Amino acid sequence: MQPTVNLFIGSGGKHDEKAARIYLYTLFKNTKRKINITWLSPETMGEGWNRSSWGTPFTCYRYAIPHLMNFKGRALYTDVDMINFRDIGALFDTDLECKPFGMVWDELQDNGTRGRELGYPRGFWCDSVLLIDCERAKDFVDPIDKIKTWKGISYKWEVMRKLGSPHKEKTYKLVKELDPRWNSFDGTDPSAPLQKGEEASRWKGRKQFELDHIWQLHLTALSYQPWHPKYTPHAKATHPRQDLMREWWRLAKIVNSI
């Protein structure tokens, strides 16, 4: 009997409800595995969290997962702004090779203003899909009480520092590199180098996956998300991959009819 998939999903709660319904529909459509879902949102995680440096309402909840699992077993974390196209059990069963974490490498992520101030080069491990060996992760994350009251730079970067990021070559003993099709940023391959002669951007110069080659689609840009969560400060914009948007609206129609 295959083990239960322990899946933790980071969400903005009611603001991401439309995205959550579509994500859940695709998850259960594509697997026969039992999935134990835990929502990580301001509504479910309670009071007392210092979220002042978080990019979303749920950014650092994911690092509480090993504690929530009593530092035992395996857990999978994903953001809510995703569409699943392949059995999530295959991702959950990935051999971590005795490493505490599995993540996709993001070759072009510029790490924001704070990252540039600290001298981080482009490229980082992307924790929006995060496979965790909860026992081995104990050495890299703190108990919930410390994470809740963390001040200054986001706790996310504290974990990345412990892992040796952003220097990819220093992290291979601690991070298993996942197939980028499990975290395709708006249809692109986040791990592919920038095409020669192109300037770094979210889409320009990046390798594109065909829709039927994507295992897990991540709608990363808040302004392009069709449900447009209220916590985003960005105006609505037209997504450059309209094939992805047609698929999202097709699924929305199905989900709304259930």
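**Close-up 1. Arg 250 and its salt bridge with Glu 247 in a predicted model**. Arg 250 counts as partly exposed, because its relative accessibility is 42%, a value that falls between the limits of under 20% for buried and over 50% for exposed. Its partner Glu 247, in contrast, is buried, with a relative accessible area of 14%. The closest N and O atoms of the salt bridge between Arg 250 and Glu 247 are 2.8 Å apart. Both residues belong to helix α8, which covers residues 242-257, and they lie three residues apart, about one turn of the helix. An α-helix has 3.6 residues a turn, so residues three or four places apart point the same way.

**Close-up 2. Salt bridges of Arg 241 and Arg 181**. Arg 241 forms a salt bridge with Asp 243, and the closest N and O atoms of this pair are 2.9 Å apart. Arg 241 is buried, with a relative accessible area of 11%, while Asp 243 counts as partly exposed at 24% relative accessibility. In the salt bridge between Arg 181 and Asp 179, the closest N and O atoms are 2.8 Å apart. Here Arg 181 is partly exposed, with a relative accessible area of 28%, and Asp 179 also counts as partly exposed, at 25% relative accessibility.

**Close-up 3. The open sheet β4-β9-β8 and helix α1**. The sheet has three strands in the order β4-β9-β8, and their pairing is mixed. Its edge strands are β4 (82-84) and β8 (184-185), each of which pairs on one side only. Strand β8 runs parallel to β9 (residues 216-218), and two bridges join them. Helix α1 (residues 17-29) packs on the sheet, where it touches β4 and β9, and its direction makes about 20° with that of β4.

**Close-up 4. The two faces of helix α1**. The buried residues of α1 are Ala 19, Ala 20, Ile 22, Tyr 23, Thr 26 and Leu 27. Seen down the axis of α1, these buried residues fall within an arc of 170°, so they line one face of the helix. The face turned away from the buried side of α1 carries the exposed residues Lys 18 and Lys 29.

**Close-up 5. The mostly covered helix α7**. Seven of the nine residues of α7 (residues 155-163) are buried, among them Tyr 155, Trp 157 and Leu 163. The buried residues of α7 pack against β5 (101-106), β6 (124-133), α6 (144-148) and β7 (175-177). Just after α7, Gly 164 takes a positive phi of about 100°.

Terms used
Residues numbered from 1 in each chain as written. Predicted model: local features only at pLDDT ≥ 70, side-chain atom pairs only at ≥ 80, totals over all residues. Heavy atoms only, no water. Pairing = 2+ DSSP bridges. Helix = DSSP H or I, 4+ residues; strand = E, 2+ residues; numbered from the N terminus. Contact = heavy atoms within 4.5 Å. Axes fitted to C-alpha atoms, helices over the stretch in contact; angles between N-to-C directions. Buried < 20%, exposed > 50% of the residue type's maximum accessible area, 1.4 Å probe, protein only. Arc of directions from axis to C-beta. Salt bridge = Lys/Arg side-chain N within 4 Å of Asp/Glu carboxyl O.
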